[in-house]
Amino acid sequence: MTDLAVEPQHKPLKGIVPVPSDKSITHRALLLAAIAEGESAVVVSSMGDDNRSTLAAMVALGATATERENELRIGGVGLEGLRAASGAIDCGNSGTTMRLLAGVLAAQRFQAVLVGDASLTKRPMARIANPLRQRGARIEGELVRNKPGEITAPLVIGPLPVPNVLSAISFDSPIPSAQVKSALLLSGLYADGSTVVSEPVVSRDHTERMLDALGVPVQRAGSIVSLDGGAFSGKLPAFSLTVPGDLSAAAFLAAAASLVPGSEVGVRGVGANPTRSGFVDAIRMMGANVELSPETVQLGEPVGLLRTTHAELRGVTIAGELVARSIDEIPILAALAARAHGVTTIADAGELRVKESDRIACMAAVLRAFGVEVEERRDGLVVEGKPDRPLTAADVDSEGDHRIAMSAAVLGLFANGTSRVRNVDAIATSFPRFAGTMRALGANIRAV
Ligand code: S3P
């Protein structure tokens with residue numbers, strides 16, 4: 001198991017660097033390319049382990065893939081061309097792989113078994129199984145003691161017996177979840193009738209944008225999306241896509257640049273989708289000097305340069321729709337809060353308890369280890385920011401969660417000595433070159 005050693009940062013962070021391709025968009029591109037007609041070209045840089053899980057799953061189900069430098073050529077088999085895998089499909093640490101794939105597998109005439117690592121095996125799956133069952137799918141999982149109705153992986157999905165077809169559905173999701181919405185929309189490609197999903201606030205809309213760009217009849221009104229199965233041709237065209245850079249990875253670099261005096265950091269080609277860019281809005285509210293202006297569009301996704309220069313930050317309240325638009329960035333926002341003047345309150349973020357780790361509890365523990373005063377609440381955190389004195393150098397465990405590990409490493413830049421972040425291998429799920437990129441900007445972070 002790898003650890004990171006982080007030295008206090010005494011000089012500005014400077015440079016223009018790339019980040020890995022957007023993890024959410026890459027999952028969708030690989031999945032849709034596999035069920036499209038013919039060969040798609042997907043350009044991805046520095047793909048992490050989570051996306052590799054989706055790629056391996058689609059190959060196990062019959063698609064072909066060749067990889068040359070950054071370009072993946074995916075041979076799609078068409079909507080009806082997937083075949084049974086020879087064994088269980090391993091989704092690794094990736095909730096998105098398991099939940100989105102479940103939507104496609106729900107409609108197949110063969111059975112599939114989805115497994116994952118220890119963290120993924122603890123994550124709730126009833127949220128996708130129940131609505132998929134409502135439209136006629138067979139999905140079984142492990143029952144969870146003390147949580148009636150909840151199931152976890154391994155998931156056994158299908159077969160959908162001939163002549164059954166998935167039925168229309170109108171689903172009111174109690175939580176904003178792009179994984180739930182996407183599982184339903186993907187199953188909707190195979191359904192007889194329409195798929196309507198409404199959410200309390202809009203979650204990331206990459207699936208809708210990509211389906212729309214591929215000619216699937218998808219309509220949106222506020223936080224309601226519908227796919228008209230009756231008007232769909234039953235065929236997805238092959239496509240070419242250069243996946244934008246991942247704002248969720250760039251957020252760690254922007255956060256560090258905001259906090260280190262004199263810093264100027266740019267990240268090229270970052271996804272600027274407004275349903276994802278809550279982080280930019282939140283740190284701007286805190287007083288950050290950050291810009292993300294769309295320059296081009298890739299398969300419906302705006303892309304731009306993210307520029308951050310140092311600024312003094314102040315505490316704010318982060319809640320409601322802003323949380324839905326920055327759900328994966330809440331750990332690094334909590335880290336920023338520790339270096340802002342005054343109190344930051346994060347609320348409406350109860351979903352963080354069922355991510356790769358319990359991110360509320362883990363971030364509270366990490367912040368405390370660095371000497372920060374923090375109150376843990378059921379649905380968030382209250383962080384007392386004290387930017388005028390160094391943090392206490394800490395020795396913390398990431399609990400195997402990539403975003404906790406990178407947030408802790410950023411905190412280490414402001415400590416009064418060398419900090420150690422333990423158990424950071426999971427960083428490879430989303431940002432394999434995190435430490436190297438931070439070093440390129442002038443930080444002293446190394447694997448030990
Ligand atoms: C994702 C959706 C979000 C997010 C996850 C990626 C996606 O999860 O936290 O990292 O690509 O659809 P939820 O759908 O559980 O909110």
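This report describes the ligand site of a predicted model, then some backbone features.

**Where the ligand sits**

The ligand takes up the space of the largest pocket. Two domains matter here. Domain 1 covers residues 4–21 + 244–447, and domain 2 covers residues 23–242. Both give residues to the shell around the ligand, so the ligand lies between the two domains.

Which helices each supply at least two residues of the shell? They are helix H1 (23–34), helix H3 (95–105) and helix H5 (178–188).

**What surrounds the ligand**

The ligand has 13 residues around it. Those that come nearest are Ser24, Arg28, Ser177, Asp328 and Lys355. Sorted by class, the shell holds six charged residues, four polar residues and three nonpolar residues.

Arg28, Ser177 and Lys355 each place a polar side-chain atom close to an oxygen atom of the ligand. The table gives the distances.

| Residue | Side-chain atom | Ligand atom | Distance |
|---|---|---|---|
| Arg28 | N or O atom | oxygen atom | 2.6 Å |
| Ser177 | polar atom | oxygen atom | 2.7 Å |
| Lys355 | N or O atom | oxygen atom | 2.7 Å |

How much of the ligand does the protein cover? On its own, the ligand has 390 Å² of accessible area. The protein covers 94% of that area.

**Cis peptide bonds**

Now to the backbone. Ala153 and Pro154 are joined by a cis peptide bond, with omega about 0°. Pro154 belongs to strand S9, which spans residues 151–157.

Another cis peptide bond runs from Gly158 to Pro159. Its omega is near 0°. Where is Pro159 placed? Pro159 sits in the loop between S9 and strand S10 (167–172).

**A positive phi angle**

Glu69 has a phi near 50°. That is a positive value, and Glu69 is a residue other than glycine. Glu69 is found in a loop. Strand S4 (64–68) lies on one side of this loop and strand S5 (71–77) on the other.

**In brief**

The ligand lies between domain 1 and domain 2, and the protein covers 94% of its accessible area. Elsewhere, the backbone has cis peptide bonds leading into Pro154 and Pro159.

Definitions and conventions
Residues are numbered from 1 along each chain as its sequence is written. This is a predicted model: local features need pLDDT of at least 70, side-chain atom pairs count only at pLDDT 80 or more; totals for chains, interfaces and linings use all residues. Side-chain values use heavy atoms; hydrogens and water are left out. A residue is near a molecule or strand if one of its heavy atoms lies within 4 Å of it. A polar contact is a pair of N or O atoms within 3.5 Å; within protein, one must be able to donate a hydrogen and the other to accept it, and residues adjacent in sequence count only if both atoms are side-chain atoms. Accessible areas come from the Shrake-Rupley method with a 1.4 Å probe; for residues, only the protein chains shown count as cover. On a 1 Å grid over the protein atoms alone, a cavity is a set of points where a 1.4 Å probe fits but cannot get out, and a pocket is an open set with protein on both sides within 12 Å along at least five of seven lines; lining residues have an atom within 4 Å of a point. A molecule sits in a cavity or pocket if more than half of its atoms lie within 2 Å of its grid points. Helices (H or I, at least four residues) and strands (E, at least two) are DSSP runs, numbered from the N terminus. Ala, Val, Leu, Ile, Met, Phe, Trp, Tyr, Cys and Pro count as nonpolar, Asp, Glu, Lys and Arg as charged, and the others, Gly among them, as polar. Domain bounds come from an automatic or database domain assignment.
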